[in-house]
Amino acid sequence: MADKQAKTRPMADGQAGSGKLLDIRNLRIEATVYPPGEAPKTITLVHDVSLTLEKGKVLGLIGESGAGKSTIGLSSMAYGRGGVRITGGEVILNGRDIMKAGPRGVRALRGREVCYVAQSAAAAFNPAHKLIDQVVEAALLHGTANRAEAEKRAVALFKKLSLPNPETIGERYPHQVSGGQLQRVMTAMALCSEPDLIVFDEPTTALDVTTQIDVLAAIKDAIRDTHVAALYITHDLAVVAQVSDEIMVLRHGRLVEWGGTQQIIKEPRQEYTNALVSVHEIEHQEQQPGTTPFLSVKNVTAAYGGGHVKVLKNVSVDIYPAQTLAVVGESGSGKSTLARAITGLLPPEQGTVTFDGRPLANRLADRPKEDLRQLQMIYQMADVAMNPRQTVGTIIGRPLEFYFGMKGRERDKRVAELLDEIEMGKGFIDRYPAELSGGQKQRVCIARSLAAKPKLIICDEVTSALDPLVAHGILKLLLNLQQHEKVAYLFITHDLATVKSIADSIAVMYRGEVVRYGAKSKVLTPPFDAYTDLLLSSVPEMEIGWLEKAIKGRRMASAGN
Amino acid sequence: MSSPILRLVAQRVLLGLVLLLAVSVLIFAGTQILPGDVAQAILGQSATPEALANLREQLGLNDPAWLRYVHWLWGILHGDFGTAQSSGLDIATSIGTRLKNTLFLATCAAVVAVPLAIVLGLIAVRYRNGFVDKLISGLALASTSFPEFFIGYVLIFVFAVHWQIFPSISTVDDSTPFLERLQAVVLPATALTLVVLAHMMRMTRAAILNVMQSAYIETAELKGLKAFDIIRKHAFPNAIAPVVNVVMLNLAYLIVGVVVVEVIFVYPGMGQYLVDHVAKRDVPVVQAVGLIFAAVYITLNIVADIAAIVANPRLRHPK
């Protein structure tokens, strides 16, 4: 765990008082949990964490889920989400302990001194009200401006955050605005009452990389121009490196390391920080495509709503035995629809899918059991892909019974083998999904798909919901299994780092079309087409100043066009 | 811009009409299945076979059922509900006055009950799981659990007999002036309010509590809004659809389900009229009243549907 040095403030700082905005001392946060069938118990979410933040500075809070990042961030507004209680320590904001402010005092500082930007702006805006009414609400409530002034300020902020039609966008309702734009409107909402501190809680995590970079740049500019201080919460070190002056690494509610951004990403002192920094580097030697693909998608066109919404346009890709085809693109590009077309869940309107040299039936219902067995799927949300009332043994055993008619001891033996293959062991056979961690759940899903001995497993964003280190373990497992089981993957993802570590060939999709396709080395080597270039240049790199460089590059490219 | 809304609304109205037509078929068929012969009922046991045959001919009872249905429906579409067998009075005229009385009583009850239920629901959410919440829920549930006749008699005992503030008998006619009319319905309207209050209050509470889980409620909380303002401004607008639905169901009940209360207070409304004529086996009246009740239910449910559609900003303001 953290050594003494890491716990003390890393930078030379003027003695207390002058520039200090937020001073959290020995924060302890607890929650009562109600495990099924057991007595309620109190767990500690945050252990003795202290931090200080000066006016106008940005502190990045980083860690995996459950690290206590959001909980600490929200404590600066004296807010505990759900049943969370702040049970110890002091939170001193602008020189006074807000834990002792009382309900009225707390309401007076929320939305006035401290504002909050949530991860999903789409959920955090009230669908029943116009954006402008929500943006100016806090300013009006706290009397920092009258309606006309607040609206003027809001429009100015919309402009600063490069929102389209800044004069009129406020008249829209949340559902009429895209996710990236909503996130910027939410930032404008936080800035509108001119707070001293903004808590950004994973503000770009739900966005596509190509959108994330714009929102990130907008947030960074706004922070700089308004001199607001910020707590920037994220699990993505490369993102936080772009906006933060300092970074605090948290794990299991404890402080691991705290330092300047440069120090954390270049010379991490703690082992855990080091693991976070170097997480994406899996060496995967690209395999040459074999002579014949076993699965070919030829000129497939597919649509939803009875042909109204074309989501796949003339898509052709090949998959070779025991190799990985990665399909990348932003949300709405048709990645998952391609999987649905291949599996027969969405019968293509035109084109064919051939498997082992013969065409597959378009519709799932027309496919024989043997074809179903050969194509398996793993999903993003492992929790909802398993029946919560079945044990791990039943879940993995089901395809064994269904496809191979295995029963009793034979089946149990095979389940145990599969559990070994996913590095979990047969001790898990009687566990329920709720008793597993996120990574373990995804492993069970992998075992379930392997049980069918398929030729192809379609992996739809299987690591997107997982913390980086856990995702890393899953990717390594998938690569190992590929070698042993000779299974091919169709790997759908929006994360280019994942693509680099697992793919043999890559298809880049944009608006339903494959815009670039070929061997990994070829696809990732210039010259690029415009979209691939945009995509690749949008992936945050763990380097200070990357954001400015990338934005500049994009401006030049768009000026050149 | 409003075209998707107009289309949905038109769709609902059309569906309602189809449903009403189907109900009219059922009502007609139902009264046909009932044992007994109308001609016999009119003329009594001692009627001669010739007289019966004549009357049957005269009433069109020898026509096939579908033809009689078409005649009946055609008449209703022209405002002719036929004549009551027991009294020979024109049904449409009798219903006219009584429907007006029923609607008056229902309106009085609704004007009190609906806002009261919703405000109590909001307050219950504000103090959820606390003493105030439990008190409101407890009282509302208790008032619903007591049978209507019990509440009615308790009200009469306290306000009419003991304190003598309001009349115990709510007889009104066309010439009764408005204020007197209002005074007459105070007790029955109070009884009805107590009956329907809990249902609407509990539904408002549940619908809003459901919305309170949303992320935008947290946003409002983090802006520093007061708890009650959050419920009123941010939660309630998103809970309108389910609340309107249950409100409309209760309004329908206020119109068609008030038989017991009308009888207790001797109020000349539709319920009493229906009960009287069911007892007399007066089929045309039962048919007419049944159809009107069905129309009330269907209309109010259409209103609820439309309100839910209009309350949805996604439909009101398409992309």
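**Salt bridges and cysteines**

Modeller: A:K220 has a relative accessible area of 23% and is partly exposed (buried is under 20%, exposed over 50%, partly exposed in between; 1.4 Å probe, protein chains only). This is a predicted model in which local features need pLDDT of at least 70 and side-chain atom pairs 80 or more, while totals for chains, interfaces and linings use all residues. Residues are numbered from 1 along each chain as written, chains are lettered from A and ligands numbered from 1 in written order, and side-chain values use heavy atoms, without hydrogens and water.

Colleague: With which residue does A:K220 form a salt bridge?

Modeller: A:K220 sits in helix 8 (residues 209-226) of chain A and its partner in helix 21 (residues 546-560) of chain A, so the pair ties together parts 328 residues apart in sequence. The partner is partly exposed, at 40% relative accessible area. The closest N and O atoms are 2.7 Å apart, and the residue is A:E548.

Colleague: How far apart are the closest N and O atoms of A:R153 and A:E194?

Modeller: A:R153 is in helix 6 (residues 147-160) of chain A, and A:E194 is in the loop between helix 7 (179-192) and strand 7 (197-201) of that chain. The two residues are 41 apart along the chain. They form a salt bridge (a Lys or Arg side-chain nitrogen within 4 Å of an Asp or Glu carboxyl oxygen) at 3.7 Å.

Colleague: Which residue of chain B meets B:D133 in a salt bridge?

Modeller: B:D133 belongs to helix 6 of chain B and the partner to helix 8 (residues 178-211) of chain B, so parts 72 residues apart in sequence are tied together. B:D133 counts as buried at 3% relative accessibility, and the partner counts as buried at 13%. The N to O separation is 2.7 Å, and the partner is B:R205.

Colleague: How many salt bridges are there over all chains?

Modeller: Some are linked in a network, one of which joins A:K20, A:D23, A:R25 and A:E90. Over all chains, the count is 37.

Colleague: How many disulfides does a search of the whole structure find?

Modeller: A disulfide needs two cysteine sulfur atoms within 2.5 Å. The sulfur of A:C459 lies 11 Å from the closest cysteine sulfur, in A:C445, which is too far for a bond. A:C459 is buried at 0% relative accessible area, and A:C445 is buried at 3%. Over all chains, the number of disulfides found is 0.

How values were computed: Helix = DSSP H or I, 4+ residues; strand = E, 2+ residues; numbered from the N terminus.
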